[in-house]
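Student: I'm new to this one and would like some help reading it. Could you walk me through it, feature by feature?

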Amino acid sequence: MSSLRDDHHVPLWLHTPLLYSQSLSNNLDADVYLKLENVQTSQSFKFRGISLFAQRAKQKSPDTHLIIASGGNAGLAAACAAKAVGLKCSVYLPLGLNSKFLETLKEQGAEIIEEGVNYAAALKKAREAVAQDERSVGGGGLLAGIMVGCKNANWDDVLIGTFETIGSDCFYQSMSANRQKEKTGLTDTMNPKFTIFHDSEHDVELVRLNAITSVASSLGASSPAPGAVRMALDRKGPVKCALVPDLLSMQIAARFAEDHKFLVELACSTTLVPAYNKQIFDQIVPPAVVVGDDNNSSKKHRTIVFIVCGGTKISIKELARYGSTTVNNGESNFWEIFIDGEALQVNQ
């Protein structure tokens, strides 16, 4: 009887649950579902993709060595996948990750190389290890997968919303640069916070952040994957991009844990921001008005799915700190967020 290491056809992942949230549905006056892509290796969306890649790589070459640069979660997924199929794995990480996470990686048998203060530095060393040119890109993999899935399900016209924290906004800024170029033929290259460069393979403008200033380090790619940007620009349905402050993401992480008994790191709670603020939700998913035969109008009921990733960079202690530090936003009664280039003040 073959083992998982020898069977290239047995998937190493499970289908994740899609759960209806009554509390969030009541909050938004919509049907709200939570796709629970948590951090367990058998359910993580990153593990699903990487484990399939690892299986196919081993089928071609049993001595394949997996090398990955990561801010955390993808590296753990690669280590688990490599162990499951019997491959060597090296994970390049930025300095400063917590010791518990590093111990978890070591338990999976991965070689750990800590390099630089951010993901870009780790990626540089990883690319050097496989004798490829340096190129600081990453981010957008989940979005790309969702866009492909929607297209395969004939949902290519369904609206998709992306959320990043201010200071980890390489995808938002890249989309803005391309949309500005489509309107005016020019892009803003004078912003001191980032550099714009052109990717000729996908014919897109990409933003490289000069520094990651957000606490949500899992969102901390300095540039997005050019293929993901191209797909978002070409997509039939709208892709709306939003930015929120770290403190708001912290507040949402604490509220989600209280409401749903589920710990999520900031990279995930950022996505859940509109679930707790109807003003933001209505900006992202405007209510559709349906006019009846008697000329009476009514609002069409909305259905929304939030991807809940979980993540490894969260603990009960850290969550408690979020709850104690985000009672209010200083002296202001408003949060300032950005949606597709427009600033919006929303009530706390």
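**Reading the sheet**

Tutor: Sure. Let's begin with one pair of residues: Thr162 stands opposite Cys241, which is in strand 9. Keep in mind as we go that this is a predicted model.

Student: How many bridges join strand 6 to strand 9, and how do the two run?

Tutor: Six bridges join them, and the two strands run parallel. Strand 9 covers residues 239-244.

Student: What packs on the sheet there, touching strand 6 and strand 9?

Tutor: Helix 6, residues 141-152, packs on the sheet and touches both of those strands. Compare directions and you get about 175 degrees between helix 6 and strand 6. Helix 9 (residues 246-260) packs on the sheet too, touching strand 6, strand 9 and strand 13, which is 334-339. The direction of helix 9 makes about 105 degrees with that of strand 13.

Student: In what order do the strands of this open sheet come?

Tutor: The order is 6-9-13-14, four strands with mixed pairing. To find the edges, look for strands with a single partner: those are strand 6 (160-165) and strand 14 (342-347), so each has one side without a neighbour in the sheet. From one strand to the next, the twist averages 30 degrees.

**Reading charged pairs**

Student: Now the charges. How many salt bridges does the count come to?

Tutor: The general idea is that oppositely charged side chains can pair when their charged atoms come close. Here, the count comes to 10 salt bridges. One of them joins Asp340 and Arg179, whose closest N and O atoms are 3.2 Å apart.

Student: Which parts does the pair of Asp340 and Arg179 tie together?

Tutor: Asp340 lies in the loop between strand 13 and strand 14, while Arg179 belongs to helix 7 (residues 170-184), so the salt bridge ties together parts that are 161 residues apart in sequence.

Student: Are they buried or exposed, say Asp340?

Tutor: Asp340 is partly exposed, at 34% relative accessible area. Arg179 counts as partly exposed as well, at 26%.

Student: Where do Asp282 and Lys278 sit?

Tutor: Both are in helix 11 (residues 278-284), four residues apart, which means about one helical turn separates them. Their side chains meet in a salt bridge, 3.0 Å from N to O. For accessibility, Asp282 is partly exposed at 23%, and Lys278 counts as partly exposed at 32%.

Student: What about Glu318 and Arg321: how many residues apart are they?

Tutor: Three residues, within helix 12 (residues 316-325), so again they are separated by about one helical turn. In their salt bridge, the closest N and O atoms are 3.6 Å apart. Glu318 is partly exposed at 25%, and Arg321 is partly exposed at 40%.

Student: Which residues are linked in a network of salt bridges?

Tutor: Lys124, Lys125 and Glu128 are linked that way.

**Reading the cysteines**

Student: How many disulfides does the count come to?

Tutor: Zero. The idea is to check the distance between sulfur atoms, with a cut-off of 2.5 Å. Take Cys309: the closest cysteine sulfur is in Cys268, 5.2 Å away, and that is too far for a bond.

Student: And is Cys241, the residue we started with, buried or exposed?

Tutor: Cys241 is buried, with 1% relative accessible area. Cys309, on the other hand, counts as partly exposed at 22%.

Definitions and conventions: Residues are numbered from 1 along each chain as its sequence is written. This is a predicted model: local features need pLDDT of at least 70, side-chain atom pairs count only at pLDDT 80 or more; totals for chains, interfaces and linings use all residues. Side-chain values use heavy atoms; hydrogens and water are left out. Two strands pair if DSSP finds at least two bridges between them. Axes are lines fitted to C-alpha atoms, for helices over the stretch in contact, and angles run from 0 to 180 degrees between N-to-C directions. Contact means heavy atoms within 4.5 Å. A salt bridge is a side-chain nitrogen of Lys or Arg within 4 Å of a carboxyl oxygen of Asp or Glu. Buried means under 20% relative accessible area, exposed over 50%, partly exposed in between (1.4 Å probe, protein chains only).
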